[in-house]
Amino acid sequence: MIQSLAQKYNRPIPRYTSYPTVPYWKEVKPNSHKWLFHVNESYYKQKEEGISLYIHLPFCESLCTYCGCNKRITKKHELEKPYIEAILAEWKLYVTAIGGKPVIKNLHLGGGTPTFFSPDTLKLMMEGILSQSRIAQKHEFSFEGHPNNTTYEHLKVLADLGFNRVSYGIQDFDITVQKAIHRLQPIENVRNVVKWSRELNYSSINFDLIYGLPFQTEATLSESIEKLKEFEPERIALYSYAHVPWKSKSQRGYDESNLPQAEQKINMYWQAKQQLNAMGYVNIGMDHFAKPTDELTIARDKGYLNRNFMGYTTDKNELMIGLGCSSISSTGKAFVQNEKTVELYQNSIHEKTLPLIVGHYSTEQEIEVAELIKEIICNGKVTFQHSAFLMNLFEGAMDSLKEMEQDELLTIGNYSLDVTTKGMLFVRNICSLFDPVIQKRTSDKPQFSQSI
Ligand SMILES: C=Cc1c2[nH]c(c1C)Cc1[nH]c(c(CCC(=O)O)c1C)Cc1[nH]c(c(C)c1CCC(=O)O)Cc1[nH]c(c(C)c1C=C)C2
Ligand SMILES: C[C@H]1O[C@@H](n2cnc3c(N)ncnc32)[C@H](O)[C@@H]1O
Ligand code: SF4
């Protein structure tokens with residue numbers, strides 16, 4: 001049954017970390033005055049609660065061949081200083097435009113590999129950021145650590161600066177898979193970083209895992225999940241491998257016959273889900289798991305689970321400022337993305353101009369669709385009764401919805417939908433029914449990963 005569903009629904013579909021999705025944004029080289037006007041407007045609405053800050057730190061010493069992130073592979077640590085100087089200069093441009101020290105509620109260092117940077121450089125960067133900000137009382141500061149190069153000093157320096165969450169890229173414990181993805185990562189390294197994180201009182205540890213990597217099977221994935229038991233991470237992101245060789249050149253080296261296909265991926269996910277549930281983890285959205293006491297589970301239960309460019313979050317802030325190359329900023333209805341390469345990013349900052357390459361200002365209808373998609377992908381439950389426009393969308397999708405109901409992916413109510421547990425695996429397909437852009441899409445040009 002689930003096998004035939006794989007064939008039927010496996011299509012290129014966005015991951016819906018925003019709506020509209022980046023390839024469909026309309027503004028090329030957005031005007032920074034107009035963007036900053038939107039930032040100010042959004043900032044004043046949430047001046048007291050605080051904003052989210054994302055800082056992209058792109059360098060990695062070694063290339064993992066599956067990687068779809070924006071990164072620069074290098075061993076030149078002399079690149080660290082000029083990069084953080086640009087980050088601080090970019091923050092200053094925002095602080096000047098806002099005209100005061102913004103309160104920061106959520107802060108995330110992503111990558112690339114933040115722990116490529118020395119603890120001293122990270123400290124310098126964070127002190128620079130925080131000297132021009134106020135930290136919200138109940139703040140969440142997190143970073144992505146690579147188990148192979150995160151040191152006790154990194155964890156200590158960041159904990160002293162207010163960091164209380166850490167996410168480790170695990171991907172897979174299996175040695176054959178690790179060889180195939182060019183990422184040898186002894187479990188001993190994971191033991192060390194987890195032990196230090198606990199000693200330093202990080203309140204939440206996340207593990208990133210991927211299913212669908214070369215040579216993975218249900219059996220190897222099951223063993224890897226067994227292995228993570230000893231670490232008791234509060235959260236687990238179990239991502240579906242996004243095969244996008246037109247975008248990530250290193251993926252072109254994969255022999256596609258070694259990659260698990262859609263049906264096998266579904267089986268892998270399903271088995272991993274059962275295993276994680278048996279260990280006490282709760283499903284959150286399409287690819288996250290969390291302990292019942294974790295804030296992510298509480299957010300889901302209380303209905304404030306959110307989704308942004310980093311995936312699922314508990315973050316309620318409307319304004320998210322992204323610093324660094326390729327970073328995305330959003331006010332909820334206006335979006336911009338920065339220059340993608342380190343050089344173009346730094347050049348623009350040296351000229352004291354925001355390095356904006358694309359952007360988008362949503363129409364009222366796009367905001368309605370964005371809210372709808374967020375409800376479906378976060379809560380698996382949605383009503384269309386808010387407006388005639390949404391009711392129309394619902395009616396227009398009726399044939400496909402009925403088919404999905406027959407496939408037990410959802411149940412249809414009175415202008416409402418409920419996604420089933422099985423349907424959560426196909427939630428990108430469900431969302432895409434209400435995405436006019438995808439419905440109308442005719443181009444053969446590859447743009448998104450397959451939905452499974
Ligand atoms: C936690 C780190 C981040 C991950 N992704 C992003 C960050 C900061 C940012 C990001 N991810 C994507 C985009 C493009 C816009 C969009 O589709 O909404 C941005 C700016 C999507 C994306 N991410 C990956 C790929 C291959 C794509 C392309 C879209 C697709 O076809 O799926 C790789 C990847 N990065 C992260 C994850 C979890 C992931 C793949 C599952 C983390
Ligand atoms: C930030 C996280 O993004 C995930 N990640 C990076 N590249 C990919 C990809 N192509 N497919 C799925 N997940 C990916 C890794 O799990 C990493 O830890
Ligand atoms: S997975 Fe992490 S370490 Fe590996 S190349 Fe991508 S960003 Fe760098």
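Student: In this predicted model, why is D160 called exposed?

Tutor: D160 has a relative accessible area of 56%, and since exposed means over 50%, D160 is therefore counted as exposed.

Student: What makes K156 partly exposed instead?

Tutor: The relative accessibility of K156 is 34%, and because partly exposed covers the values between 20% and 50%, K156 falls into that class.

Student: How do you know that K156 forms a salt bridge with D160?

Tutor: Their closest N and O atoms are 2.9 Å apart, and a salt bridge asks for a Lys or Arg side-chain nitrogen within 4 Å of a carboxyl oxygen of Asp or Glu, so the pair qualifies. Both residues lie in helix α5 (residues 152-160), four residues apart, which is about one turn of the helix.

Student: Why can the salt bridge between E41 and K333 be said to tie together parts that are apart in sequence?

Tutor: E41 lies in helix α2 (residues 32-45), whereas K333 lies in the loop between β15 (328-330) and β16 (334-338), so the pair links parts that are 292 residues apart in sequence. The closest N and O atoms of E41 and K333 are 4.0 Å apart.

Student: What makes strand β5 mostly covered?

Tutor: Eight of the nine residues in β5 (residues 103-111) are buried, and buried means under 20% relative accessible area.

Student: How do you know that β5 pairs with strand β2?

Tutor: Two strands pair when at least two bridges are found between them, and because seven bridges join β2 (residues 51-57) to β5, the two strands, which run parallel, count as paired.

Key
Residues are numbered from 1 along each chain as its sequence is written. Chains are lettered from A and ligands numbered from 1 in the order in which they are written. This is a predicted model: local features need pLDDT of at least 70, side-chain atom pairs count only at pLDDT 80 or more; totals for chains, interfaces and linings use all residues. Side-chain values use heavy atoms; hydrogens and water are left out. Buried means under 20% relative accessible area, exposed over 50%, partly exposed in between (1.4 Å probe, protein chains only).
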